[in-house]
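Hi,

Here is the structure I promised to pass on. Have a look at it first, and my notes follow underneath.

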Amino acid sequence: MEASDIPLLSMVLCLFLLIVPMAICYAVGLRSLISDTLLAVVRMLGQLYLVALLLKYIFTSHNLTLITAWILLMIVFASSTVVNNCNLNLKLFFAPVLASFFLTLFFLLVYLRLFVLQEYDFFDPRFLIVIGGMLLGNSLRCTVIGLSQFYANLKKSHRQYLYTLSLGATHMEAVIPHIKTSLSAAVRPTIATMASMGIVFIPGMMTGQILGGSNPIIAIQYQVMIMVSIFVVGLLSTALGILFSIKIGFTPYGILRDNIFSGKE
Amino acid sequence: MINFNSIRVTFNGLSLFDNFSLRIGKGQKIIITGKSGTGKSTLLKLIPGLAPVSSGSVTVDSTVLCRKTVHDIRKKISYVSQGVDIFGDTVQSFLNRIFTFKANSHLKFDTEKIKDLFDCFELPDVLMKRNIDDLSGGEKQRVALVAAVLLERHIFLLDEPTASLDVHLKQKVASYFLSNQGWTVLAISHDREWLHDPSATVLKLGEHAHGS
């Protein structure tokens with residue numbers, strides 16, 4: 001069984017649903033939210049249709065250069081998104097975040113290919129782009145939470161941090177409590193999602209597979225694989241992002257640099 | 001022991017110190033006073049490298065402060081900050097954490113000594129179990145002073161250490177630190193208990209500290 005096509009008219013009717021929240025926003029005077037939503041929907045439609053066309057081409061062509069370029073572009077885009085969303089200085093933080101995403105994704109994809117999804121070719125776009133994109137998208141959320149919280153907490157409690165250094169703590173000893181708090185904040189949503197999965201909600205990937213005609217048992221196997229991978233990649237990319245950025249975020253005396261924030265909070 | 005050699009310090013584009021020099025000998029007690037914004041706290045922070053100098057140098061025990069020596073210099077200094085930035089859940093966990101730092105691994109968590117210091121600074125024993133957020137400003141200040149003494153260092157940088165204490169405790173704390181001849185003390189204070197002590201040398205910082 002394959003997923004059935006949604007006709008154009010049905011898609012338009014689906015978008016008609018947006019009239020309900022738009023009407024509520026209009027009634028309560030949230031005019032800016034209406035324009036923001038409309039812009040977001042137009043962007044989503046344009047981006048997804050463009051991606052669908054490109055993916056269709058890549059899936060049929062199996063062009064190695066294109067596949068590699070696509071995944072690298074995703075990493076570059078994810079890195080700049082993280083740094084901008086953390087309100088950090090893009091020039092300083094882009095490279096360490098990029099390195100953390102690249103290493104984490106590389107490790108996870110190689111591991112999955114070698115031990116879990118052995119039937120896929122490593123450069124199969126269904127594996128590299130689809131699985132890689134899903135992992136990257138989820139680790140992006142974790143890294144934004146973790147990295148922003150790490151630097152925001154340090155800025156907020158900077159005097160306490162300096163006092164810790166004065167008590168004899170090395171730079172690493174002084175930042176460890178902040179790393180712990182940030183990592184915990186970064187992965188807690190994923191842990192909560194894993195714990196409530198199947199009871200509170202049926203996850204998107206599983207829903208897609210079942211609607212696409214897969215056996216629910218197989219859909220569950222893929223879902224478990226994805227959730228574990230998301231958790232690992234989220235934790236690793238956040239931890240590496242923080243560790244790689246530490247040398248850049250602090251002076252050689254261990255003091256937080258004052259130019260690390262982008263200033264657009 | 002501590003030398004400021006022609007230092008220049010700027011903060012937010014303003015010059016706080018320009019060609020400022022000061023020599024502090026071993027065992028000397030310097031009480032820094034002056035108007036707000038004259039760089040008193042910054043001057044203390046320069047010694048353990050917690051604030052940067054634009055030019056000139058700071059030396060502690062003939063060691064020039066730089067990125068390579070900063071950690072070793074910090075290990076010689078006990079610093080009590082103005083805002084009393086003690087951290088952790090309880091007083092006990094704060095004191096415990098200090099002893100987990102590699103630099104303090106040679107020290108023993110001596111409960112008897114802590115008890116003696118608590119008695120000396122008139123802190124009740126039950127305070128050890130109290131949450132830090134529940135302490136008064138004066139209690140926090142005295143816990144920070146206990147921590148400073150427990151580190152067994154010989155240079156004390158105290159930023160308004162008695163600002164939240166009553167006259168009786170101000171006197172007690174001031175004489176505790178000023179009477180120990182082996183300790184070198186730099187304290188910022190406007191309290192007469194520090195300023196009028198015969199062992200203290202008062203350094204009054206002007207609006208801008210230029211060469212001294």
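Let me start with a helix in chain B. The buried residues of H4(B) pack against three other helices of that chain: H3 (91–100), H5 (137–150) and H6 (167–178). Keep in mind throughout that this is a predicted model. H4 itself covers residues 111–120 of chain B, and its buried residues are Ile114(B), Leu117(B) and Phe118(B). Looking down the axis of H4(B), you'll see these buried residues fall within an arc of 105°, so they line one face of the helix. The general background is that an α-helix has 3.6 residues a turn, so residues three or four places apart point the same way.

Two of those names come back when you look at Leu95(B). Leaving out residues up to four places away in sequence, Leu95(B) touches Phe109(B), Ile114(B), Phe118(B), Met128(B), Ala147(B) and Leu150(B). Leu95(B) also belongs to the largest nonpolar core, which has 132 residues. Which members of that core touch the most others? They are Tyr151(A), Phe4(B), Phe94(B), Leu95(B), Phe177(B) and Trp194(B). As for where the core comes from, helix H6 of chain A (residues 125–156) gives the largest share, 11 residues.

Now over to chain A. It has 10 helices and 0 strands, so to speak in order from the N terminus, the elements read α-α-α-α-α-α-α-α-α-α. The C-alpha trace of chain A spans about 65 × 55 × 40 Å along its principal axes. Of the 265 residues in chain A, 37% are buried. If you take the contacts in chain A with a separation of 6 or more, 71% are between residues 24 or more positions apart.

On the surface side, chain A exposes about 14,800 Å², with carbon and sulfur atoms supplying 71% of that. Chain A carries 15 positive and 9 negative side chains, and the centres of the two sets lie 12 Å apart.

One last residue to click on is Leu162(A), which sits in helix H7 (residues 158–166) of chain A. Is Leu162(A) buried or exposed? Its relative accessible area is 7%, and buried means under 20%, so Leu162(A) counts as buried. Setting aside neighbours within four places in sequence, Leu162(A) is in contact with Ile255(A) and with Leu50(B). Ala174(A) is 12 residues from Leu162(A) in sequence, and the two are 8.4 Å apart in space, C-alpha to C-alpha.

Cheers

Note on methods. Residues are numbered from 1 along each chain as its sequence is written. Chains are lettered from A and ligands numbered from 1 in the order in which they are written. This is a predicted model: local features need pLDDT of at least 70, side-chain atom pairs count only at pLDDT 80 or more; totals for chains, interfaces and linings use all residues. Side-chain values use heavy atoms; hydrogens and water are left out. A nonpolar core is a set of buried Ala, Val, Leu, Ile, Met, Phe, Trp, Tyr and Cys residues joined through side-chain atoms within 4.5 Å. Buried means under 20% relative accessible area, exposed over 50%, partly exposed in between (1.4 Å probe, protein chains only). Helices (H or I, at least four residues) and strands (E, at least two) are DSSP runs, numbered from the N terminus. Contact means heavy atoms within 4.5 Å. Accessible areas come from the Shrake-Rupley method with a 1.4 Å probe; for residues, only the protein chains shown count as cover. Lys and Arg count as positive and Asp and Glu as negative; His and the chain ends are not counted. The place of a charge is taken as NZ of Lys, CZ of Arg, CG of Asp or CD of Glu. The arc is that of the directions from the helix axis to the C-beta atoms.
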